[in-house]
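The following exercises concern disulfide geometry and the surroundings of one charged side chain. Each task is followed by a worked solution.

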Amino acid sequence: AFEPCPITWCTTDMKLCSDGTQVSRDFINGCAFRPCPVIVKTQDTACVDRFGSFALAGAPSSQRWSCKQIHFLWDRTTRKAVCDSTAEMTGEPLTSRCPVACASPACYSYVGSCRDSGDSFINLMTERTCAGVGSLDKTGALYTQICASYAEPDSIPVQEKCPSACLNTECTCADKEIPFVTLPVYHDDGNMLKPVRERTCQSLYGIQHWEYRNLVCLLDIYAITPFYENTLKVFFMCPKACGFRQECFCRDSKKAIATPDDLRESRHCKHLAKYDDADKKCDETEDPVFARSCPVICKNPYCHALGRPDSRDTLSFRGGALTTTCALMALMSRDACDLMETDLNLRGSVLCPAACATSSFSSFSMPDLATCESCVDAEQAWQGGECLERLIAPGLCPIADLDCCTEAKCCGPKEIPFGTCDSCVNNGFMWQESGCTDVAKNMLQPGTCPGEEGSCCTRGSLPKCCFQFRA
């Protein structure tokens with residue numbers, strides 16, 4: 001018969017952990033001390049005001065304060081005096097007890113919670129650190145070149161290794177997650193629309209009327225921030241939600257978007273094509289939260305206008321095997337222009353229109369399809385007077401331009417609501433016997449008369465051209 005294992009007895013001493021808890025010894029592990037609790041201190045937990053009231057050191061104990069009171073305090077002199085104090089019982093600075101109300105710099109940082117790597121790396125054949133990159137002139141060519149290149153031996157973009165130093169848009173465009181208090185909102189006639197109130201950036205996404213949202217975004221917030229020259233406004237706190245900066249608004253969310261009023265608890269921008277109600281989700285009047293969280297894949301005109309800048313985000317292709325940026329694609333390889341971004345489900349050419357719309361990109365042109373009709377019959381896109389191989393989802397133009405044809409009915413001349421030859425021509429369109437038509441948007445050469453015999457008038461015609469059409 002087996003003999004019973006001897007019982008191991010451990011001493012009863014305790015170990016004090018850094019968070020104040022005590023752990024005993026573990027007899028199963030040779031009487032070693034049990035592990036201390038893992039404390040994960042993030043930017044979110046560091047920027048939360050504590051509950052409860054307190055007295056200020058050196059002030060009457062009967063006068064109690066709370067972080068919430070300070071948060072709603074508009075008088076700047078009083079607020080600064082309170083925030084410069086300490087709590088009477090604990091001696092804790094108010095910037096620590098009430099980091100949001102007393103404007104701890106970490107909570108209002110322009111780069112949010114982003115932190116640079118402390119490791120050195122090789123870049124442009126030179127050993128560098130993020131601190132060194134951050135100290136460079138941010139308007140200089142060297143700074144731009146470093147942040148737009150790779151860090152070795154990791155082979156990742158420097159802006160990913162040094163997001164704060166390189167002002168990565170993942171950081172500078174992120175909405176602050178802390179609450180803030182705004183001044184009242186007034187109508188043009190002087191009547192108050194909304195009183196002083198506490199808001200969050202997330203609450204702005206649900207505002208359906210853009211005029212009111214813009215009013216809110218221009219409001220001052222209640223905060224004493226001497227580390228900034230000017231009083232902070234809502235659009236500083238919520239660059240993505242307000243959308244005043246194009247590079248911030250025109251970024252689809254990679255995270256799940258809460259849809260509490262939907263059959264699904266959350267949705268993703270990249271799954272838009274799978275949703276039966278995609279059109280409704282992309283309509284700001286129907287679902288402002290989803291539509292403003294996914295403006296690029298929802299084809300928001302502001303994000304698909306000609307001349308819009310390339311994305312400044314770090315992009316991932318081939319399931320994460322390739323990490324790059326638009327700047328690197330323009331300098332090194334444009335292979336990713338025809339690939340789908342892993343987290344966004346958008347073509348590289350959509351995210352990087354300038355980097356991809358270069359002479360070397362002309363290989364995507366299909367010269368054998370010389371007319372608009374033959375091009376769309378081949379299920380390609382007619383744009384700029386030539387047939388371009390579709391590089392993005394059906395219905396979207398290859399080079400981030402809304403004016404292209406992807407179906408046959410688009411190829412014919414369009415009727416324009418100008419009833420006379422003079423008004424039609426003066427507004428940049430073409431007048432024919434059948435009326436005013438839009439030549440330019442149908443990719444036809446100005447001055448030609450497609451679709452019917454006889455004369456036509458355009459801005460390039462002789463001044464007396466319209467006389468022939470007058471009764």
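**Exercise 1.** What is the torsion about the S-S bond of Cys 114 and Cys 171, and is the disulfide left-handed or right-handed?

*Solution.* The model is a predicted one, in which local features need pLDDT of at least 70, side-chain atom pairs count only at pLDDT 80 or more, and totals for chains, interfaces and linings use all residues. Residues are numbered from 1 along each chain as its sequence is written, and side-chain values use heavy atoms, with hydrogens and water left out.

Step 1. The sulfur atoms of Cys 114 and Cys 171 are 2.0 Å apart and form a disulfide (a pair of cysteine sulfur atoms within 2.5 Å).
Step 2. The torsion about their S-S bond is about -95°, so the disulfide is left-handed.
Step 3. Cys 114 lies in the loop between α4 and β7 and Cys 171 in helix α8 (residues 169-172), so that this pair links distant parts of the chain, 57 residues apart. Helices (H or I, at least four residues) and strands (E, at least two) are DSSP runs, numbered from the N terminus.
Step 4. Cys 171 has a relative accessible area of 2% and is therefore buried (under 20% relative accessible area; exposed is over 50%, partly exposed in between, with a 1.4 Å probe and protein chains only).

**Exercise 2.** Determine which parts of the chain the disulfide of Cys 47 and Cys 107 ties together.

*Solution.* Step 1. The S to S distance between Cys 47 and Cys 107 is 2.1 Å.
Step 2. Cys 47 is in the loop between α1 (43-46) and β5 (53-54), and Cys 107 is in the loop between α4 (94-97) and β7 (121-123), so the pair ties together parts that are 60 residues apart in sequence.
Step 3. The S-S torsion of about -100° makes this disulfide left-handed.
Step 4. Cys 47 counts as buried at 9% relative accessibility, and Cys 107 at 5%.

**Exercise 3.** Describe the surroundings of Arg 128 in strand β8 (residues 126-128).

*Solution.* Step 1. Arg 128 is buried yet has no salt bridge (a side-chain nitrogen of Lys or Arg within 4 Å of a carboxyl oxygen of Asp or Glu).
Step 2. Glu 127, the nearest side chain of opposite charge, is 10 Å away from Arg 128; Lys and Arg count as positive and Asp and Glu as negative, while His and the chain ends are not counted.
Step 3. The side chain of Arg 128 makes a polar contact with that of Asn 123, at 3.0 Å (a pair of N or O atoms within 3.5 Å; within protein, one must be able to donate a hydrogen and the other to accept it, and residues adjacent in sequence count only if both atoms are side-chain atoms).
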